[in-house]
Structures are given as structure tokens and as C-alpha cells.
Amino acid sequence: MKNKGGGLENLIRDMLKKHKSPIMLIRKDILLGQFEQFRRYLPNVRPYYAIKANPNPDVIKTFVKLGSCFDVASAAEMDYVLSLGASPGDIIFANTIKSAEDLEQAHKKKVKFMTFDNESELYKIARYCPNARVLCRIKVDNVGSTVELSLKFGADADQAIFLLKKAKSLGLRPLGVAFHVGSQCVNVKNYVNALKVTSSIFEESKRVGLHLKVVDIGGGFPIRHFDDDNHVTFRDMASQLRKYMKKLFEKDVEFIAEPGRFFVGPAGVLVTQVIGRTFRNNKNYYYLNDGVYADFSGMIFDHCRYEFKTLRRGQKFLSALAGPTCDSLDTLSLNEDLPEMDVGNVVYVKNIGAYSSASAVPNFNGFKPAQTLFI
Ligand SMILES: Cc1ncc(COP(=O)(O)O)c(C=O)c1O
């Protein structure tokens, strides 16, 4: 849908005439724009959308239509993207720890491309998913990334050759190396160092007769959560990546990536309303109809901070924002500069399409998460 009203704030007003808040607006034009940017600046990298960021069916169907591939973390996610039109050959099962049941299901559904990071997993994959094509995920620098992923995943790089050889000896097809520099990575060096380590694994692999040909550069691509964020842009980051991919790898090496936040984060706008107000601790306190148990769950699980905006204008006062539940953890901010508001006024947040609704609790205290409107 086109926003004829001119500007996001008019769109929000229009939406509130027809729908009850809280509302998670997912803007299709922005999804398309993010995908297009990715393809434009990293034309040699095939994207596998990490659906954990936002599994909304319309989001997935949009990416199916655009020809994206998909990163799934479980058999349930796998079945779900297949049911929405993805092909088994366009899926990577990119959780390095998979249950036997999930592996059996992957085998049944002909999803044969996956990551691993330890020897014991290889035995499991070989047993339940014989012939799988596997990438060894290595531990890489996550310096400065908002969400550290190398704390839990990734083999030491010096184990990669051993593990890939082991995969081969078990009848699997070792194709290459995967890494993740941490989510919301604003430090290009993490990618550059990871590519360097990966290229030395590729060099060594030739000496031991392994023919590696795939590098999975993971996710991590950053977005702006605040209007004045001035970290590296995707475009500049991509130009560095292109340079090192070209310099460090032979021409026939294939690159793939697993973007989550970058594809869907900027498309999301969360629209909430004030349901109560008071004056406490020398500031205005506003209670909203959405909180950390629902669509602001990214404040906990994604370590994310958001820019809260209102439709009100005028002098600003020190304010606190809290969610609707009976828990003080459900406090969104104690330190916002906001115009005076009353019950019914709108507080909205942009760039909140990733790791928000996805991790919302369905009904804590009886409060439902926002309805998603795909527009
Ligand atoms: C294996 C894997 N791939 C991709 C992603 C998506 O990362 P991002 O949203 O930073 O692009 C994640 C995020 O946790 C992940 O764990």
C-alpha cells in the first residue's frame, strides 16, 4: 500500500482510524528496498534470509517471490518456509546443534545443506542425514557487535580442517566454512578478519585434498536504530567485503550470507498508545499498551535500544516509558525527553521489524502482542 498521506506520521494516524493498537506495521516497500540494496552492493553473495528475525508469513512470501533463499534454525522453521513456497534446495539449516528428530525431518524434506561446529554433531548428521552438504562454522571476532554469537557457537579455526576431513570420512560433503560476526556488527574488521581466517583454511584444505567452494559470511549487517546513528553504512561495509572476497579467494568460490536484521529491521514500525500516566520520581511516567514481554522483547533478547517518538509537538519533559504488565522489568526507558502526553496519545518506534514480534510472549498478564499489518 502506498502512503498517500505524506509521511509516516500520517500513515500511523490513518492506521489507527482502522485498527486497534498496538500495531506492528511492516512496510513492503522497505523490505524490497533492503533486498535490492543487498543484491546491488553484494551481487556475488546469495542471501539466505534468517527467518528467526521475523517469521511473518507475508515477509517470507515476499522474499520467496524475490528469489531469496532461507536460513532456518529448526525443523519447524524449515517446514514453515517450505509451506510458504520455498524450495528445499534454497534452505540452509544453520543451527550448529540439531536434534536427531530435526535432522530426520530435514532428510525427509530433502533439505541437505547445513552448518555444524563439532565432531559429535557430524556423527549425528551422518546418521540421520547421510550425504548432507556441510559447512564448518568457525568462531570469529565479534568485537563491538550488539549480540555476541561466538560465545556459544563456532569451532576454533585451527580445528576446521580436521572437522571437514572428518565430515568427508563419514560420507558427508564438506563444502566450506561459515561464520557469524555477531548481530548488529558495526565493526568491518570482524568481517575482514573472518574472511582472512577462512581464506587460510581454504588454502590449507587444498593440501589435504578437500575441495572447498562455499563461504557463508553469516548475518550481522547493521541497521540504524536511531536517526542519528552514524556507524558504517551497509554500502561502505559491502565495498570492503567485496574487496576482500576478491583479494582472498579464487574466482570459483561461492559466497552466501544469512541476513536477518538487515532485511526486515528497517521495515518495522511499532505503534503503541498511552494507556495510563502519572508523575513519579520527578518525571512524567507513561504506561504503553506494549512492553518488553511483547514487541519490545528485543530490549531483553536482542540487547536493543530504540528511539521513541510521539505525534505530539511542543516543550519536552523528562519522561519514563513502561509496558502494561505488572512487572517493573517491563520498563522501556527512564530517561526520555518527550512532549507532554495523555491517555490515547501515540508512541511509535521505527526500525523495529527484527527480533521484536518474533520473540514476543503470546499472552503474559493477558496482554497480546501487536497485530502485524503488512502494508
Ligand atoms: C546462524 C545465524 N545466522 C544468521 C543470523 C541473523 O543475523 P543478523 O540478524 O545479525 O543478520 C543469526 C542471528 O542470530 C544466526 O544465529
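In this predicted model, P22 is found in the loop that runs between helix α1 (8–18) and strand β1 (23–26). The peptide bond leading from S21 into P22 is cis, and its omega is near 0°. A second backbone feature of note concerns N282, a residue located in the loop between β10 (268–280) and β11 (283–288). Although N282 is not a glycine, its phi is positive, at about 70°. Most residues other than glycine have a negative phi, and most peptide bonds are trans.

The packing of helices was examined next, beginning with α2 and α3. Helix α2 comprises residues 28–41 and helix α3 residues 57–66; their axes come within 11 Å and cross at roughly 40°. An angle of this value falls neither under 35 degrees nor within the range of 65 to 115, and α2 is therefore oblique to α3. The crossing of α2 past α3 is right-handed. On the α2 side, the contact is formed by K28, L31, L32 and F35, and these meet V59, T62, F63 and L66 of α3. By class, the residues of this contact divide into six nonpolar, one polar and one charged.

Helix α8 takes part in two further helix pairs, with α7 and with α9. The axis of helix α7 (residues 160–169) comes within 10 Å of that of α8, and the two cross at roughly 50°. This angle makes α7 oblique to α8, and the crossing is right-handed. The contact involves A160, I161 and L164 of α7, together with I201, E204 and S205 of α8. Four nonpolar residues, one polar residue and one charged residue make up the contact of α7 with α8.

The pairing of α8 (residues 188–207) with α9 (residues 234–248) has axes that come within 10 Å and cross at roughly 15°. Because angles under 35 degrees count as roughly parallel, α8 and α9 are described as roughly parallel to each other. Their crossing is right-handed. Helix α8 contributes V188, Y191, V192, L195, K196 and S199 to the contact, while α9 contributes M237, Q240, L241, Y244, M245 and L248. Nine of the residues in the contact of α8 with α9 are nonpolar, two are polar and one is charged.

The surroundings of the ligand were also examined. There are 15 residues around the ligand, of which S183, E258, G260, R261 and Y355 come nearest. For Y355, an N or O atom of the side chain is 2.5 Å from an oxygen atom of the ligand. An oxygen atom of the ligand is also approached by the backbone of G220, with an N or O atom at 2.9 Å. A nitrogen atom of the ligand, in turn, has a polar side-chain atom of D71 at a distance of 3.0 Å. The ligand is thus approached by side-chain atoms of D71 and Y355, and by a backbone atom of G220.

How values were computed. Residues are numbered from 1 along each chain as its sequence is written. This is a predicted model: local features need pLDDT of at least 70, side-chain atom pairs count only at pLDDT 80 or more; totals for chains, interfaces and linings use all residues. Side-chain values use heavy atoms; hydrogens and water are left out. Axes are lines fitted to C-alpha atoms, for helices over the stretch in contact, and angles run from 0 to 180 degrees between N-to-C directions. Helices (H or I, at least four residues) and strands (E, at least two) are DSSP runs, numbered from the N terminus. Angles under 35 degrees count as roughly parallel, over 145 as roughly antiparallel, 65 to 115 as roughly perpendicular and the rest as oblique. A crossing is left-handed if the near helix is turned anticlockwise from the far one by less than a right angle, and right-handed if clockwise. Contact means heavy atoms within 4.5 Å. Ala, Val, Leu, Ile, Met, Phe, Trp, Tyr, Cys and Pro count as nonpolar, Asp, Glu, Lys and Arg as charged, and the others, Gly among them, as polar. A residue is near a molecule or strand if one of its heavy atoms lies within 4 Å of it. A polar contact is a pair of N or O atoms within 3.5 Å; within protein, one must be able to donate a hydrogen and the other to accept it, and residues adjacent in sequence count only if both atoms are side-chain atoms.
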